[in-house]
Amino acid sequence: MQPCLPPLDAVPRPSWRAPALACDCHFHIFGPYDRFPLDAGRHYDPPAALIPQYLRVAEALGIGRMVIVQPSVYGTDNRCTLDAAAQFGLDRARVVAVVDPAVEGPVVAVLDRAGWRLTHILNTHHHNDHVGANLALKTRYGCRIVGPLADRDRIPGIDLALAEGDTVTLGDATARVFDVPGHTRGHIAFWFADEKALFCGDTLFALGCGRLFEGTPDQMWASLLKFRALPDDTRVYCAHEYTQSNARFAVTADPDNTSLAARAGEIDAARAKGDATVPSLLGVEKATNPFLRADDPALAATYGLKGRDAAVVFAAIRSAKDRF
Ligand SMILES: [Zn+2]
Ligand SMILES: [Zn+2]
């Protein structure tokens with residue numbers, strides 16, 4: 001497959017710069033995936049000559065998903081990190097993880113330029129636009145692949161399968177794992193409490209939620225309630241930049257929500273400038289995302305379901321969005 005890259009002149013200058021190796025940031029965010037001009041979900045390994053172009057496109061538009069950088073020493077109590085350290089023959093090592101890599105080229109280009117070596121892939125679910133680059137990156141870097149236990153047979157190259165209540169430690173950052181079925185049967189999310197970061201894949205989106213491909217509305221509502229219990233200052237790193245179209249639907253579901261109306265205006269302004277809307281703040285999602293508000297009487301009223309169970313209202317909202 002030959003991707004259709006925009007001409008270089010059409011690509012804005014990147015604002016991101018590879019941090020120095022001494023950088024102690026936990027998360028470097030390359031932005032939502034969807035504006036990257038590749039057919040999401042298809043594996044494509046760009047020829048070397050195209051790498052500079054990829055790099056600029058990736059930096060300007062976002063390679064999608066997140067790269068986590070951990071400069072600290074490996075812990076001594078985590079099998080996953082110890083294995084990785086042994087594998088690289090390192091006693092002090094840098095942890096570099098990518099969440100849900102769809103395609104190899106942009107990830108490699110960014111890592112190469114930064115002088116980083118990938119140690120981990122975190123997968124939230126089996127869809128090919130989240131695991132498409134697993135095997136290629138594992139072959140190249142020998143990285144460890146962490147993914148959902150319930151879907152371990154559908155995660156290419158998986159080494160460590162996790163489920164509700166498990167933790168995964170990357171350097172000195174620890175993520176708690178939630179089982180969040182609904183979009184797929186075996187979807188998980190990674191919550192880094194200290195870093196206030198939630199990697200929720202396709203379960204929760206800014207002003208939206210994932211389609212129910214393999215789960216029921218009851219399951220998805222229960223999954224979203226797990227997120228709603230997290231602190232308001234959690235940053236939501238969802239996997240797609242669907243926010244603007246989600247906002248168009250959200251205002252029809254919750255028309256009297258003034259916070260939502262204001263946010264929809266801010267999103268239009270951000271997108272008009274080409275800015276990403278991810279990550280968002282969980283507290284803002286709680287106040288404005290209709291899929292987190294199915295137990296609010298206003299949402300029930302919109303769908304003529306006053307007094308009905310929240311899961312029933314949630315199902316009505318999701319179904320209205322599917323037809324929107
Ligand atoms: Zn998906
Ligand atoms: Zn996806």
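So, the sheet: six strands, and it's an open one, with the order β7-β8-β9-β10-β13-β14 and mixed pairing. On the outside you've got β7, residues 167-170, and β14, residues 280-281; these are the edge strands, and each of them pairs on one side only. Keep in mind that this is a predicted model.

Let's walk in from the β7 edge. β7 pairs with β8, residues 173-179, in the antiparallel sense, over 4 bridges. If you want a spot to look at, leucine 170 has alanine 173 in β8 as its bridge partner.

Next step along: β8 and β9 also run antiparallel, joined by 5 bridges. Here you can find phenylalanine 178 with its bridge partner, alanine 189, in β9.

Now, β9 itself, residues 188-192. How many of its residues are buried? That's 5 of the 5, so the strand is largely enclosed by the rest of the structure. And which way do they point? Ile188, Phe190 and Phe192 go one way, Ala189 and Trp191 go the other, and all of them are buried. That's the pattern you know: in a regular strand, side chains alternate between the two faces of the sheet.

On the other side of β9 comes β10, residues 197-201, again antiparallel, with 3 bridges between the two. Phenylalanine 190 stands opposite phenylalanine 199 in β10 there, if you'd like to click on that pair. β9 and β10 make a hairpin with 4 residues between the strands, and in that hairpin lysine 196 takes a positive phi, near 55°.

Okay, that's my tour; back to you all.

Terms used
Residues numbered from 1 in each chain as written. Chains lettered and ligands numbered in written order. Predicted model: local features only at pLDDT ≥ 70, side-chain atom pairs only at ≥ 80, totals over all residues. Pairing = 2+ DSSP bridges. Buried ≥ 20, exposed ≤ 12 C-beta atoms within 10 Å, placed from the backbone.
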